[in-house]
Amino acid sequence: MQDFVKLLGLRHRREVVGRSAIFGGEHFVLEETDWYLLNLFRLWWHYGISFLRLQMWVEEVMEKFMRIYKYQAHGYAFSGVEELLYSLGESTFVNMTQHSVAESLLQVGVTQRFIDDVVSAVLRASYGQSAAMPAFAGAMSLAGAQGSLWSVEGGNKLVCSGLLKLTKANVIHATVTSVTLHSTEGKALYQVAYENEVGNSSDFYDIVVIATPLHLDNSSSNLTFAGFHPPIDDLQGSFQPTVVSLVHGYLNSSYFGFPDPKLFPFANILTTDFPSFFCTLDNMCPVNISASFRRKQPQEAAVWRVQSPKPLFRTQLKTLFRSYYSVQTAEWQAHPLYGSRPTLPRFALHDQLFYLNALEWAASSVEVMAVAAKNVALLAYNRWYQDLDKIDQKDLMHKVKTEL
């Protein structure tokens, strides 16, 4: 994503300082201060060296994951998620998709209390799921919580729209309904049927990339595959529904133990398993930050983002806010419900038919999807030109070193 931002001439949005805390339903179990050393002391006082063990575990995972950028720079690609993970961390990474975050952290000496208070709150904020989710996805989420997150000035959507414009692609505004396999001169040819306001139509393609989730509870399940032997049946697993409510109003600081709203110091609130009706509460900033911008004071009306597993009832909104002017809600299936799919999917569904979203069943983020997109592009290229030595190779670290 950093490369995309540079390529498009975009800039990182200026960060606005704001303190965070973790709410446990009755009180804050952990509060951030303005002093780094005091934050470290509080973590040590409450949880011992668990936070150091967590950091070492995450850094070890990320150090191995970063190998993918070197592999891709040399043109290597993988036909399945399991093959990609094995090339990065061998059986350790594959096993991390089958064991929980809690189980993996306990094995490296992280305490159960730290997992319940801190790790679970981060995972609820990222995925809306608990520490029972797979360790690999959890590690990706915890890596993003270590202060390295950033956003694009003007909105992250500028990356997508900018890349689309840069490719000069011919965009057909329609809904794909089916992919049918044909063959000509021994090569696969795919007929893609679609429908829009004008009517139904179809076109033939040499290479097709599916860049939408294929799972049981998604509208994409209406996408059918015909003429394939054996048949393509990748509709497995479910997705985690997420609801985001943008509330313009006055925060009810009394609910969080601050009767005087002027004394409420936090801009971001994460939660443990309780209360269960919301996951995070964030004081929002605009996508463009001027030099004179300041956050609203806690006693002032501000825009708050509430992330929850279900739409909030009016009583729940009244719990979080003394009063409010407006509420805008968006609900979508944001991430895979980890554990609902027995096996990892493959990128290659057929000779030149690819499934970009396969990788999000190992971990789901914008950066991971960018990695998946480049892998699919390289895989399609290598297959088309029969450069099979660049696909699913073993011991790539040694191969890359010898190429250098």
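# Notebook: hairpins, a buried helix and some odd backbone angles

I began at the turn between β3 and β4, which form a hairpin with two residues between them. Glu-185 sits in that turn, and I read a positive phi of about 55° for it. A reminder to myself: this is a predicted model.

**Entry 1: the β3 pairings**

I stayed with β3, residues 175-184, and looked up its partners. Nine bridges join β3 to β4, and the two strands run antiparallel. To pin the register, I picked Ser-178, whose bridge partner in β4 is Ala-193.

Then I checked β7, residues 224-226. Three bridges tie β7 to β3, this time with the strands running parallel. Ser-178 turned up here too: its bridge partner in β7 is Thr-224. My handy landmark is therefore Ser-178, which is bridged to Ala-193 and to Thr-224.

**Entry 2: on to β5**

Next I followed β4 (residues 187-195) to β5 (residues 200-205). I found six bridges between them, and the strands run antiparallel. For the register here I noted Val-192, whose bridge partner in β5 is Asp-203.

β4 and β5 also form a hairpin, with four residues between them. In its turn I noted Gly-199, with a positive phi of about 150°.

**Entry 3: other backbone oddities**

I then went looking past the hairpin turns. Glu-90 has a positive phi of about 50° although it is not a glycine. I looked up where Glu-90 lies, and the place is helix α5.

Asp-395 also has a positive phi of about 50°, again without being a glycine. Asp-395 lies in the loop between α11 (366-384) and α12 (396-403). I also looked up its accessibility: at 52%, Asp-395 counts as exposed, because the cut-off is over 50%.

One peptide bond went into my notes as well. His-229 and Pro-230 are joined by a cis peptide bond, with omega about 0°. Pro-230 lies in the loop between β7 and β8 (239-251).

**Entry 4: helix α8**

How many of the 10 residues of α8 are buried? I counted 10 of the 10, so α8 (residues 135-144) is largely enclosed by the rest of the structure. Among these buried residues I listed Phe-136, Met-140 and Leu-142, along with the glycines Gly-138 and Gly-144.

I wanted to know what surrounds them. The buried residues of α8 pack against α3 (50-65), α5 (81-96), α6 (101-107) and α7 (112-127). I had already met α5 as the helix that holds Glu-90.

**Entry 5: two loop residues**

Ser-151 lies in the loop between α8 and α9 (157-167). Is Ser-151 buried or exposed? Its relative accessible area is 15%, so with the cut-off for buried at under 20% Ser-151 counts as buried. Leaving out residues up to four places away in sequence, I found Ser-151 touching Arg-11, His-12, Arg-13, Glu-15 and Asn-156.

Glu-300 is in another loop, between β10 (280-283) and β11 (302-308). I read 28% relative accessibility for Glu-300, so it counts as partly exposed. Setting aside neighbours within four places in sequence, Glu-300 is in contact with Gly-249, Tyr-250 and Arg-294. Out of curiosity I took the distance from Glu-300 to Asp-389: they are 89 residues apart in sequence and 62 Å apart in space, C-alpha to C-alpha.

**Entry 6: stepping back to the whole chain**

I finished with the overall numbers. The chain has 12 helices and 14 strands. Its radius of gyration is 23 Å, which agrees with the value near 22 Å that a compact globule of 404 residues would have. Along the principal axes, the C-alpha atoms fill a box of roughly 75 × 55 × 40 Å.

Of the 404 residues, 45% count as buried. I also looked at the contacts with a separation of 6 or more: residues 24 or more positions apart account for 68% of them.

For the surface, I noted about 21500 Å² exposed by the chain, with carbon and sulfur atoms supplying 55% of it. My last lookup was charge: there are 33 positive and 37 negative side chains, and the centres of the two sets lie 8 Å apart.

Terms used
Residues numbered from 1 in each chain as written. Predicted model: local features only at pLDDT ≥ 70, side-chain atom pairs only at ≥ 80, totals over all residues. Heavy atoms only, no water. Rg over C-alpha atoms; globule rule 2.2 N^0.38 Å. Buried < 20%, exposed > 50% of the residue type's maximum accessible area, 1.4 Å probe, protein only. Contact = heavy atoms within 4.5 Å. Areas by Shrake-Rupley, 256 points an atom, 1.4 Å probe, with all protein chains shown as cover. Lys, Arg positive; Asp, Glu negative; His and termini not counted. Charge placed at Lys NZ, Arg CZ, Asp CG, Glu CD. Pairing = 2+ DSSP bridges.
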